[in-house]
Amino acid sequence: MAMARSFLNTDDASPAPLTDLCLTYVSQNLECFCAKRPDGSLCFREAVLFPQELADQLLAKMATEGPLNDSTVGVFRNCEYLRLRRACIRTARISAEAFQKALCPHRLLELDAARVNADLTIPDILQGLATNKYCQESLQRLVLTGLTMSSLEEPIRYRFSSLPGLRSLSLANVDFYDSGLVDVCSLPRLESLDLSNTSVTNLNPLLGLKERLRSLTLHQLKRLEMSTGQLLGVIGQLDVLQHLDISDDKQFTSDVARQLLGQPGILPALVSLDVSGRKQVTDAAVKAFVEERPGMTFVGLLATDAGFSDFLSGEGNLKVTGEANETQICEALRRYSEREGFVREALFHLFSLTHVMEKPRPDILKLVVLGMKNHPATLNVQLAASACVFNLTKQDLAAGMPVRLLSTVTQLLLEAMRTFPNHQQLQKNCLLSLCSDRILQEVPFNRFEAAKLVMQWLCNHEDQNMQRMAVAIISILAAKLSTEQTAQLGAELFIVKQLLHIVRQKATQGMVDATLKFTLSALWNLTDESPTTCRHFIENQGLDLFIKVLESFPNESSIQQKVLGLLNNIAEVGELHGELMVQGFLDHIRTLLHSQEVEVSYFAAGILAHLTSRGEEAWTLSSDLRSSLLEQLHAVIVKWPAPECEMVAYRSFNPFFPLLECFHTPGVQLWAAWAMQHVCSKNAARYCSMLLEEGGLQQLELVHTHPQTHKDVKRLAKSILESLQNHRARTGQTAPLQTSRRVPPQ
């Protein structure tokens with residue numbers, strides 16, 4: 001629960017604390033700061049003295065975010081500079097030897113080893129801790145949830161009684177038997193004990209703790225062989241007990257809760273009682289029990305028939321887990337985050353409530369995230385959680401959610417998609433949540449991984465509504481990837497084939513819809529500066545298909561623009577020019593060059609500029625056709641009106657620089673200069689900076705002063721140079737900052 005509270009207490013609306021960022025950096029880049037010992041373990045090159053709290057935080061960071069293993073845990077062997085007091089190694093993968101060398105020499109107050117790998121057993125931990133005499137007395141809290149006891153054939157040499165300082169012990173989900181309980185109950189200072197889901201059959205040894213046991217958790221004792229009367233006979237003697245948990249998410253038929261609630265005077269010091277999942281619990285019985293103990297602060301009633309009265313609403317000082325209202329459900333998610341059955345139950349009821357959410361509720365989303373984190377391999381939890389995520393982030397609700405929280409939840413959705421690739425409803429839930437402008441445009445997450453997962457889904461399903469969403473997601477994600485990632489994604493032949501299949505379906509149906517538009521955008525983005533993807537496109541009859549699309553939708557300028565934008569990418573690949581030297585294809589492009597829509601004419605002109613830029617020797621059709629196209633290209637461009645807004649986006653001007661060198665074909669130069677002047681005039685801050693970074697200043701000065709430059713090209717070059725001069729005067733920029741590349745618009 002300590003880790004749960006830590007996550008819930010973070011303020012995702014604020015930047016991450018500097019300490020947290022530094023610890024994350026150190027934990028993920030340990031090899032930069034460390035040297036290797038002969039045994040392969042790491043040690044810091046320099047003796048850096050960490051404040052004790054930071055040493056604890058670094059270990060916890062390595063355990064939760066990785067990597068904590070036999071090599072990296074070695075940095076904690078130096079107890080003088082990295083002093084641990086509260087050690088958290090949850091879910092780590094370390095051996096018994098590494099544990100003993102790195103952690104056991106420290107003077108630990110607490111050790112949380114929940115769900116570490118099976119190679120590190122409970123006897124290993126007890127043996128290691130027993131080697132430190134200080135630990136035997138100092139260790140107060142020990143969490144061993146989900147660990148393995150040694151085999152029954154092996155005698156257990158090290159016992160819990162070797163740690164007499166223990167005050168709190170958790171053995172939940174451990175194959176722990178009666179003999180071990182006798183050992184535990186001999187601990188002289190033990191005040192808190194969790195035996196949830198163990199193999200204990202008899203609780204009589206607890207009577208040895210009756211004068212000091214304040215917290216007892218008996219959730220889901222699956223092998224208990226005591227009658228209700230015998231069980232209550234033991235519990236009733238624990239006079240100082242303040243917290244009792246006898247909940248059960250397996251819905252056993254025992255009436256222990258009913259009898260406990262009806263027994264007057266039992267457990268007078270109790271302030272917290274959990275009977276969630278128990279039968280025959282009523283509001284009246286719970287109210288009478290609480291009123292007899294006015295100091296009570298919590299009652300657990302999830303998956304019972306109780307909790308629906310005003311007295312048990314959970315709104316006041318008495319906290320209640322249940323399903324009657326939002327407060328109870330949220331309390332359940334908060335308290336039961338590690339109990340799979342209760343998380344599923346609470347999420348099921350939360351889903352009904354979130355249908356009608358009108359305001360952003362990051363507090364609730366954080367609780368859903370906690371359940372997803374703790375149960376990544378549990379289908380029912382992920383299914384309910386992903387449905388709740390959609391309800392909590394749909395439409396405008398995502399805008400009110402902190403970016404860091406949305407980043408976390410998006411990564412968890414992707415993990416769920418990876419874990420359950422064949423569960424259609426789960427995949428649908430995740431796609432619905434991902435299809436959000438806020439998430440796709442602003443939230444940091446692994447977009448490359450997301451694009452691959454969505455593409456895999458698209459190849460395996462024919463659901464029309466989901467198909468539209470999937471291609472929309474891919475088209476946006478592809479525009480956000482790096483050049484290398486786009487090329488890697490597009491290089492997957494099945495991706496290009498599937499997208500072309502969708503286009504073919506729509507063209508055959510003669511249907512212009514969102515799915516077609518998004519699919520064309522996705523192909524446009526995936527072919528951008530990716531020769532391999534362009535080759536896949538050509539080899540899978542993409543050119544013939546796109547000609548058919550142009551013929552099928554002669555009056556759809558938005559379709560024409562996307563088709564021509566992609567064909568521009570193909571035309572940028574010199575080795576594919578021969579595939580485009582087809583009379584029928586060029587006839588279509590020449591017609592669209594004269595379109596009244598500047599956006600359509602612009603991209604048609606770009607195709608012709610690239611195809612004619614390599615000179616007459618590379619032109620395989622008639623030279624008269626080439627001369628005619630160049631004349632028309634020049635004549636059309638000089639007539640284009642200046643668009644009111646930025647009609648195209650670029651991430652690089654590199655494809656234009658070779659065109660500016662074509663002094664023998666001024667129409668080609670003119671198209672490149674017009675494109676550069678257009679974006680620099682509409683968004684100077686971005687594009688003037690980009691042009692300077694990529695060396696465009698020198699290129700444009702050469703064009704402007706070259707004696708062969710056509711006057712129309714000179715005029716545009718001068719305009720761009722003036723924009724660059726103004727930008728430099730305004731910003732002082734002189735040196736390159738970064739390299740970008742072109743992005744086709746959506």
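A crossing of two helices is left-handed if the near helix is turned anticlockwise from the far one by less than a right angle, and right-handed if clockwise. The exercises below use a predicted model, in which local features need a pLDDT of at least 70 and side-chain atom pairs count only at pLDDT 80 or more, while totals for chains, interfaces and linings use all residues. Residues are numbered from 1 along each chain as its sequence is written, and side-chain values use heavy atoms, with hydrogens and water left out.

**Exercise 1.** Describe how helix α30 and helix α32 pack.

*Solution.* Begin with the elements: helices (H or I, at least four residues) and strands (E, at least two) are DSSP runs numbered from the N terminus, and α30 covers residues 623-637 while α32 covers residues 666-682. Next take the geometry, where axes are lines fitted to C-alpha atoms, for helices over the stretch in contact, and angles run from 0 to 180 degrees between N-to-C directions. The two helices pack at an angle of about 35°, with their axes 8 Å apart, and their crossing is left-handed. Then list the contact (heavy atoms within 4.5 Å): α30 contributes Leu630, Leu633, His634 and Ile637, and α32 contributes Pro666, Gly667, Val668, Leu670, Trp671 and Trp674.

**Exercise 2.** Explain why neither Cys79 nor Cys680 is bonded to its closest cysteine sulfur.

*Solution.* A disulfide is a pair of cysteine sulfur atoms within 2.5 Å. For Cys79, the closest cysteine sulfur belongs to Cys135 and is 9.6 Å away, which is too far for a bond. For Cys680, the closest cysteine sulfur is that of Cys688, at 4.2 Å, again too far for a bond. The structure as a whole holds zero disulfides. To compare their surroundings, use relative accessible area (buried under 20%, exposed over 50%, partly exposed in between, with a 1.4 Å probe and protein chains only): Cys79, at 25%, counts as partly exposed, whereas Cys680, at 2%, counts as buried.

**Exercise 3.** Locate Asn197 and decide whether it counts as buried or exposed.

*Solution.* Asn197 lies in the loop between β7 (192-194) and β8 (215-217). Its relative accessibility is 18%, so Asn197 counts as buried. Leaving aside residues up to four places away in sequence, Asn197 touches Asn173, Val174, His219, Gln220, Leu221 and Lys222.

**Exercise 4.** State how confident the prediction is along the chain.

*Solution.* The pLDDT (the predictor's confidence in each residue, from 0 to 100) averages 91 over the chain, and 95% of the residues score at least 70. Over residues 1-5, however, the pLDDT is below 50, and over residues 737-746 the pLDDT stays under 50.
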